[in-house]
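This report looks at how two chains meet, and then at one residue. The sequence and structure come first.

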Amino acid sequence: MEFWTAFYAISFYFATFILLFGLGYKVYQYAITPAPLKIPTTPAPLTTGGVVIRLLSEVVFFRSLFRSNKWIWLFAMIFHLALWIVLIRHLRYFMDPVWTLVVLAQPFGKYGSFLMLFGLLGLLMRRMFVTRICYISAPSDYLMLFLLLTIGISGVLISFVTRTDIVQFKAFILSLLCFDFNWQTMPTDAMLLVHLSAVILLMIVFPFSKLLHAPGIFFSPTRNQVDNPREKRHVAPWAVKEFETSPASTTTTSE
Amino acid sequence: MKILKFLGKLSCGLLLAMAVNGVSAGEVPMPEIPKAKSNFSAEQSCVEPTDFMRQRHGLFLKHYRHDTMRRGMRTLQHSLVACINCHVTADESGNYPTVHQSSKHFCRSCHTYAAVNIDCFQCHTSKPQESFSVDIGPVQSD
């Protein structure tokens with residue numbers, strides 16, 4: 001078995017393990033972290049259904065960002081939407097037969113990659129040239145952009161310039177997915193190796209980085225709470241145990 | 001919490017099931033590519049080295065299509081008709097499949113696998129031609 005095939009196969013298993021369990025642990029941690037205060041940003045929805053709609057509008061349309069800064073919103077929206085299309089297009093390497101939706105996404109994904117790069121470059125420009133953003137930017141902020149740009153640029157180069165044997169590459173990925181440890185040989189074109197290395201690094205760094213905003217948004221108390229502090233008293237379970245104030249005795253508590 | 005634990009167990013179970021399946025069946029889906037009828041030369045199986053053809057046959061078909069149609073350039077070494085004549089093989093009953101009829105068609109076996117559209121055959125035929133002696137005009141070398 002060739003060195004690169006074994007190297008990338010093991011790296012992929014390792015990175016997937018880190019990503020899945022890291023992400024799972026983080027979500028678990030978010031879920032058990034107490035939210036002691038009732039702090040939805042008003043005007044906030046009065047019902048659970050309303051909260052679902054609010055969260056969806058955050059997740060799908062980045063509503064808060066739109067209200068605070070239009071052009072960052074534009075770059076962010078372009079980048080995230082293009083990333084979705086590109087990710088859907090990449091599903092073709094992970095399934096056989098390929099779903100019709102994924103087949104239909106192929107031509108869009110191909111050009112979506114340019115939009116993705118455009119959005120990323122916009123966000124990078126913001127970080128570098130808007131003075132106050134530049135001042136608060138940490139190395140990890142640049143690292144995320146750098147990794148995503150590396151993935152995007154090498155991907156575009158593979159697709160449009162240097163090429164690789166995608167049939168053999170799919171066979172390699174499927175042999176990983178089938179846990180067939182007699183792995184299919186991986187093509188070793190330079191750009192493909194760069195592309196995959198950046199993907200593996202991003203997968204490993206994901207559960208430790210600000211990319212956790214993806215699951216994190218669902219756990220933001222200012223966004224996921226119902227605005228009903230008078231109808232229903234907000235008590236965290238640990239506070240009940242700690243201070244022996246049972247929710248039943250709430251009526252006598254002076255507020 | 002219970003839901004999380006349940007999801008954790010479920011994902012572990014799925015992984016395990018996949019592992020057991022994969023190892024016992026050991027079936028990685030692969031494209032079934034029919035063998036070509038002959039070699040291009042003693043040293044080389046196709047018109048260009050095999051690795052090169054696997055990565056870049058699209059360039060010949062697409063870019064040379066432009067050269068042929070717009071600029072009247074024709075080459076004998078890279079010709080769609082010759083690809084089809086050599087690569088598309090008959091099934092058990094001796095019939096040649098078209099690209100739309102059979103997933104065992106040479107082009108389709110990989111193109112379906114990789115979900116890449118082929119638009120050649122909206123105009124061209126995907127079956128070998130019995131007599132390939134069309135007047136192709138002045139031939140230029142590459």
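## The interface of chain A and chain B

Across the interface of chain A and chain B, the rule finds zero salt bridges. The model is a predicted one. Polar contacts do occur: five residue pairs across this interface are in polar contact, both residues at pLDDT 80 or more.

Which elements of chain A give two or more residues to the side that touches chain B? They are α1 (3-32), α5 (100-129), α7 and α8 (166-177) of chain A. Of these, α8(A) gives the most, with seven residues.

The side of chain A that touches chain B breaks down by class as follows.

| Class on the side of chain A | Count |
|---|---|
| Nonpolar | 13 residues |
| Polar | five residues |
| Charged | seven residues |

Chain A brings 25 residues to the contact, and chain B brings 23 residues. The size of an interface is often given as the accessible area lost when the parts come together. Here, the area buried between chain A and chain B is about 2100 Å². Carbon and sulfur atoms give 70% of that area.

## A residue in α7

Helix α7 of chain A spans residues 139-162, and A:Ser159 is found in it. Is A:Ser159 buried or exposed? Its relative accessibility is 18%. The cut-off for buried is under 20%, so A:Ser159 counts as buried.

Which residues does A:Ser159 contact, leaving aside its neighbours within four places in sequence? A:Ser159 is in contact with A:Arg89 and A:Lys110. A:Lys110 falls within the range of α5 (100-129) of chain A.

Notes
Residues numbered from 1 in each chain as written. Chains lettered and ligands numbered in written order. Predicted model: local features only at pLDDT ≥ 70, side-chain atom pairs only at ≥ 80, totals over all residues. Heavy atoms only, no water. Helix = DSSP H or I, 4+ residues; strand = E, 2+ residues; numbered from the N terminus. Buried < 20%, exposed > 50% of the residue type's maximum accessible area, 1.4 Å probe, protein only. Contact = heavy atoms within 4.5 Å. Buried area = accessible area lost by both parts, 1.4 Å probe. Salt bridge = Lys/Arg side-chain N within 4 Å of Asp/Glu carboxyl O. Polar contact = N/O pair within 3.5 Å; in protein donor to acceptor, adjacent residues only side chain to side chain. Nonpolar A, V, L, I, M, F, W, Y, C, P; charged D, E, K, R; others polar.
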